[in-house]
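Work through the exercises below with the model open beside you. Each one asks for a short chain of reasoning about charged side chains.

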Amino acid sequence: MNNILYMSFVDWFWIKQRPQHFVEFLSEDNKVVYFCMQAWRKNSNTIIVNNDSKHEVNLSIIKKGNLTVSRKKVLPLHRKYKFIENINDKITEARLKKLDKVNNFNIVVFTHPMQLKYFPIDILIGKKVVYDCMDDYEEFNYYDNKELLKYEKKLYDISDKIVCTSDKLKEKLIVKYGNKKMVRIINNGVDLHNFNVNNVSKSQIINNSRMNNVAYIGAISEWFDFKLIKNVALRNKDINFYIIGPIEKGISIEEFNGLTNINIIGSIPYEEVPKVLYSVDVAIMPFILNDLIKAVNPVKIYEYLAMGKNVLAIRYSETEKFSEHVDLYSNEDEFEYKLRNLLNKNVDIKERIDYAKDHSWEKRVKEFYRFITD
């Protein structure tokens, strides 16, 4: 049994993603601490994502068998004021030292280069260091790229094993920092317990009228193609579009004002997502193709397929991996044409579900664990 520290910028109560799934399975045979930041203020997106744990949302320490979730608040406005950021870094460094003293970690998993900024490097001596790279962090505007690249180079150099979620991420890391034999691609996956078409009921969110229902489920940010959805919705009044998920700060949805067949739902509990998918005709991934998206291995497609859905997604190298089971588009006209076809298309549900079963989070974590402990 290993003692694993898993560093994450994803709060335990945010949208359930790769980090939460990884530590849940890792903790079945290991002691794991999931270290994340807790929102300073209450946020509707964090509170309702995990309905069964509402009573835990204000806790800083949560224990679930071998898994300990350590959620730490830091002072707000740290991105605006450098002195606040420095105070937070010192506080966080002290917390991590205390955690290590209590748990004596032998494996530390980083998921973002900037975690090194406040991590006490001296405690890494004698530990196995793993970098689980999930996104092309240069393409986000949260950090100064010069500083981010400095820490990414350092993390790349000190890591014993490096994991990337997509081909593009691996290629980019190797171009920047050189080839390392320990770089492995381990794609994202799906939670087969939650996304089980044989154990789900219809969602009350979806209008059960005779209209066609189409849904997008995920974060709503600058990469979401608002213009495409608006234009298609205007020309297809018989289609109800459901846009479901947290809307990132600074993102305006005013473009959809007055369109009665576009429904902005916001975040929903994790266990409600399969119900929504069960109740719609087509699940979509309408993204603007940029460098950030090109590096994404989309979790949502695995989830869509696990529910046996017709799927329409933007075409790029990572979605082409699903091409036997998913329809792909490259422009607005192709999106509209294929969407209309999918609304009248019968699919082999079993084939799609079987594909999802071969790409479960459980299998991903087993591969991850074998790689990092080899």
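**Exercises on salt bridges**

**Exercise 1.** Classify K366 as buried, partly exposed or exposed, and find its salt-bridge partner.

Solution. The model is a predicted one.
Step 1: K366 has a relative accessibility of 47%, so K366 counts as partly exposed.
Step 2: The partner is E362, with an N to O distance of 3.7 Å. This is within the 4 Å cut-off for a salt bridge.
Step 3: E362, at a relative accessible area of 35%, is also partly exposed.
Step 4: Helix α12 (residues 361–373) holds both E362 and K366, which are 4 residues apart, about one turn of the helix.

**Exercise 2.** Explain which parts of the chain the pair R71 and D11 ties together.

Solution.
Step 1: The closest N and O atoms of R71 and D11 are 2.8 Å apart, and the two residues form a salt bridge.
Step 2: R71 belongs to strand β4 (residues 67–73), while D11 sits in the loop between β1 (3–7) and α1 (18–26); therefore the pair links parts 60 residues apart in sequence.
Step 3: R71 and D11 are both buried.

**Exercise 3.** Do the same for D327 and K345.

Solution.
Step 1: D327 and K345 form a salt bridge, with their closest N and O atoms 3.8 Å apart.
Step 2: D327 is in strand β14 (residues 327–329) and K345 is in the loop between α10 (332–342) and α11 (349–357), so parts 18 residues apart in sequence are tied together.
Step 3: D327 is buried, at 18% relative accessibility, whereas K345 is partly exposed, at 40%.

Methods:
Residues are numbered from 1 along each chain as its sequence is written. This is a predicted model: local features need pLDDT of at least 70, side-chain atom pairs count only at pLDDT 80 or more; totals for chains, interfaces and linings use all residues. Side-chain values use heavy atoms; hydrogens and water are left out. A salt bridge is a side-chain nitrogen of Lys or Arg within 4 Å of a carboxyl oxygen of Asp or Glu. Helices (H or I, at least four residues) and strands (E, at least two) are DSSP runs, numbered from the N terminus. Buried means under 20% relative accessible area, exposed over 50%, partly exposed in between (1.4 Å probe, protein chains only).
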